Amino acid sequence: MSVAAIIERAARHTGLSADDILGSSPEPQLVHARQAIMAACVGSGYGSGRDVDWTRTYRAVARRLHRDHKTIVRGVRSAERRAKEDPEYASLIAVLKDGAR
């Protein structure tokens with residue numbers, strides 16, 4: 001599944017628009033959706049082929065989301081922390097990750 005398809009899936013599940021999710025708004029619900037997308041893409045090994053190269057994966061996701069790779073690293077960490085505390089959020093990431101395979 002492409003990153004665009006994951007973004008559309010996230011938009012459907014959250015009720016937010018894909019444009020808003022990809023924007024730069026610091027609104028928490030948009031940030032959380034963005035971070036879930038980051039976690040799903042990185043968790044599926046997007047952009048690295050069969051043998052996962054994490055540096056390549058983070059950079060590929062960063063390019064597709066028009067972000068710096070450091071932003072992706074921080075976003076994934078934040079999403080993982082939030083997922084441990086919020087089962088609904090963990091479920092969103094799982095749904096997005098499942099669609100990425």
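What share of the 101 residues in this chain is buried? The figure is 38%. Before I go on, please keep in mind that this is a predicted model.

Let me begin with the overall layout. The chain has 6 helices and 0 strands. Read from the N terminus, the order of elements is therefore easy to recite, and it goes α-α-α-α-α-α. As for how the chain meets itself, take the contacts with a separation of 6 or more: 50% of them join residues that are 24 or more positions apart.

One pair that is distant in sequence is Ala5 and Leu96. They are 91 residues apart along the chain, and their C-alpha atoms are 9.3 Å apart in space. Ala5 belongs to helix α1. Is Ala5 buried, partly exposed or exposed? Its relative accessible area is 26%, so Ala5 counts as partly exposed.

Next, the core. The largest nonpolar core has 28 residues, and the members that touch the most others are Ile21, Ile37, Leu65, Ile72 and Leu96. Which helices supply at least two residues each to this core? They are α1, covering 3-14, α2, covering 18-22, α3, α4, covering 54-65, α5, covering 69-85, and α6, covering 87-100. The greatest contribution comes from α3, which gives 9 residues.

Leu65 serves as an example from that list. Setting aside residues up to four places away in sequence, Leu65 touches Val3, Ile7, Leu22, Ile37, Met38 and Ile72. Two of those names, Ile37 and Ile72, also appeared a moment ago among the core members that touch the most others.

Just after Leu65 in the numbering comes His66, which sits in the loop between α4 and α5. His66 is not a glycine, yet its phi is positive, at about 55°. Is His66 buried or exposed? His66 is exposed, because its relative accessible area is 67% and the cut-off for exposed is over 50%.

Now to the largest pocket. The space in it comes to about 270 Å³. Its lining consists of 14 residues, and those nearest the centre are His13, Thr14, Glu88, Tyr89 and Leu92. Elements giving two or more residues to that lining are α1, α3 and α6. Which helix gives the most to the lining? That is α6, with 5 residues.

Leu92, one of the residues nearest the pocket centre, is found in helix α6. With a relative accessible area of 12%, Leu92 is under the 20% cut-off and so counts as buried. Which residues does Leu92 contact, once neighbours within four places in sequence are left aside? The answer is His13, Thr14 and Ala36. His13 and Leu92 are 79 residues apart along the chain, while 7.6 Å separates their C-alpha atoms.

Tyr89 is also among the residues nearest the pocket centre, and two other residues bring us back to it. The first to mention is Arg82, which lies over the face of Tyr89, at 5.0 Å from the ring centre. The other is Gln35, in helix α3, which spans residues 28-43. Leaving out residues up to four places away in sequence, Gln35 touches Gly75, Ser78, Ala79 and Tyr89. Why does Gln35 count as buried? Because its relative accessible area is 14%, and buried means under 20%.

While we are on rings, how many aromatic pairs does a search of the whole structure find? The search finds 0.

To recap, the predicted model has 6 helices, with a largest nonpolar core of 28 residues and a largest pocket lined by 14 residues. Helix α3 gives the most to the core, and helix α6 gives the most to the lining of the pocket.

How values were computed
Residues are numbered from 1 along each chain as its sequence is written. This is a predicted model: local features need pLDDT of at least 70, side-chain atom pairs count only at pLDDT 80 or more; totals for chains, interfaces and linings use all residues. Side-chain values use heavy atoms; hydrogens and water are left out. Rings of Phe, Tyr and Trp (its six-membered ring) pair if their centres lie within 6.5 Å; planes under 30 degrees apart count as stacked, over 60 as edge-to-face and the rest as tilted. A charge sits over a ring if NZ of Lys or CZ of Arg is within 6 Å of the ring centre and within 35 degrees of the ring normal. Helices (H or I, at least four residues) and strands (E, at least two) are DSSP runs, numbered from the N terminus. Buried means under 20% relative accessible area, exposed over 50%, partly exposed in between (1.4 Å probe, protein chains only). Contact means heavy atoms within 4.5 Å. A nonpolar core is a set of buried Ala, Val, Leu, Ile, Met, Phe, Trp, Tyr and Cys residues joined through side-chain atoms within 4.5 Å. On a 1 Å grid over the protein atoms alone, a cavity is a set of points where a 1.4 Å probe fits but cannot get out, and a pocket is an open set with protein on both sides within 12 Å along at least five of seven lines; lining residues have an atom within 4 Å of a point. Grid points are joined across faces, edges and corners, and a volume is the space filled by probe spheres set on the points.
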